[in-house]
Amino acid sequence: MKPTETKHKLEVTTPGDREIVMTRVFDAPRQTLFNAFTKPELIKKWLLGPDGWSMPTCDVDLRVGGTFHYVWRNDTNGKEFGINGDYREIARPERIVHAERFDEAMYPGDALITTAFDERSGSTTVTMTQVYDTREVRDMAIESGMEHGVAASYDRLAEILDQKSA
């Protein structure tokens, strides 16, 4: 068994009618995690969801008012989907706030995402809070199974971090 499989898992909660909160602990400093979430060359290595996907497009203009655009490709059938958004707040290396929407809408409106990096004793807790326009839209996001893609991506990131520290 890999240490990342037993030691840290993605926790998903819905504390309010419009929110999804996903939390995961990583054995790395928060600056390392902040970089992994903001540098295209790093994002393309781990933010891939389930195995068999790649990220041919990863554009990041990391500044308040800047934008991002990610496109994922299924390496088996070539199907693609993307998200884009804009940065609302950046507090290095503590927090990023951005709006996000799918290139081809899977649900109405944007999600407002706050990603916080809290370091304690050399480990960093990443907490991603997603706020949707309505409970119905939040429920559509949950029903999409997106937490499975996030869990797979976070597991991949943990493996990359483990390899760097070995």
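In this predicted model, Trp72 is tucked away: its relative accessible area is just 8%, so it counts as buried, the cut-off being under 20%. Phe81 has a relative accessible area of 34%, which makes Phe81 partly exposed, since that label covers values between 20% and 50%. The two rings pair up, with centres 5.1 Å apart and planes at 25°. Planes under 30 degrees apart count as stacked, so that is the label for Trp72 and Phe81.

Phe81 has another ring partner, Phe102. Here the centres are 6.3 Å apart and the planes are at 35°, so this pair is called tilted. As for where these two residues sit, Phe81 belongs to strand E5 (residues 80-91) and Phe102 to strand E6 (residues 95-102). The pair therefore ties together parts of the chain that are 21 residues apart in sequence.

Trp72, Phe81 and Phe102 also belong to a wider group. They are members of one aromatic cluster, along with Trp53, Phe68, Tyr70, Tyr87, Tyr107 and Tyr132. Across the whole structure, the search turns up 14 aromatic pairs. A ring can have a charge for company too: the charged end of Arg24 sits over the ring of Phe26, 5.0 Å from the ring's centre.

Next comes the empty space. Rolling a probe the size of a water molecule over the atoms shows where such space is left. The largest pocket holds about 1200 Å³. It is lined by 41 residues, and some familiar names turn up: Trp72, Phe81, Ile83, Phe102 and Met146 are the closest to the pocket's centre. By type, the lining splits into 25 nonpolar residues, eleven polar ones and five charged ones.

Both helices and strands contribute to that lining. At least two residues each come from helices H2 (30-38), H4 (135-143) and H5 (146-165). The same minimum, at least two residues each, holds for strands E4 (67-74), E5, E6, E7 (111-120) and E8 (123-131). H5 gives the most, with six residues.

That leaves the question of how some of the strands pair. Strand E1 (residues 11-13) runs antiparallel to strand E2 (residues 19-26), and three bridges join them. One example is Glu11, whose bridge partner in E2 is Thr23. With five residues between them, E1 and E2 make a hairpin.

E2 is also joined to E8, again in the antiparallel sense, this time by eight bridges. Ile20 stands opposite Gln130 of E8, and Thr23 stands opposite Thr127 of E8. Thr23 thus turns up twice, with Glu11 as a bridge partner and with Thr127 across from it in E8.

E8 pairs with E7 as well, in an antiparallel arrangement over nine bridges. Thr127 appears here again, as the bridge partner of Ala116. E7 and E8 form a hairpin with two residues between them. In its turn, Ser121 has a positive phi of about 55°.

Key
Residues numbered from 1 in each chain as written. Predicted model: local features only at pLDDT ≥ 70, side-chain atom pairs only at ≥ 80, totals over all residues. Heavy atoms only, no water. Phe/Tyr/Trp six-rings, centres within 6.5 Å; stacked < 30°, edge-to-face > 60°. Buried < 20%, exposed > 50% of the residue type's maximum accessible area, 1.4 Å probe, protein only. Helix = DSSP H or I, 4+ residues; strand = E, 2+ residues; numbered from the N terminus. Lys NZ or Arg CZ within 6 Å of the ring centre and 35° of its normal. 1 Å grid on protein atoms, 1.4 Å probe; cavity = no way out; pocket = protein on both sides within 12 Å on 5 of 7 lines; lining within 4 Å. Points joined across faces, edges and corners; volume = space filled by probe spheres on them. Nonpolar A, V, L, I, M, F, W, Y, C, P; charged D, E, K, R; others polar. Pairing = 2+ DSSP bridges.
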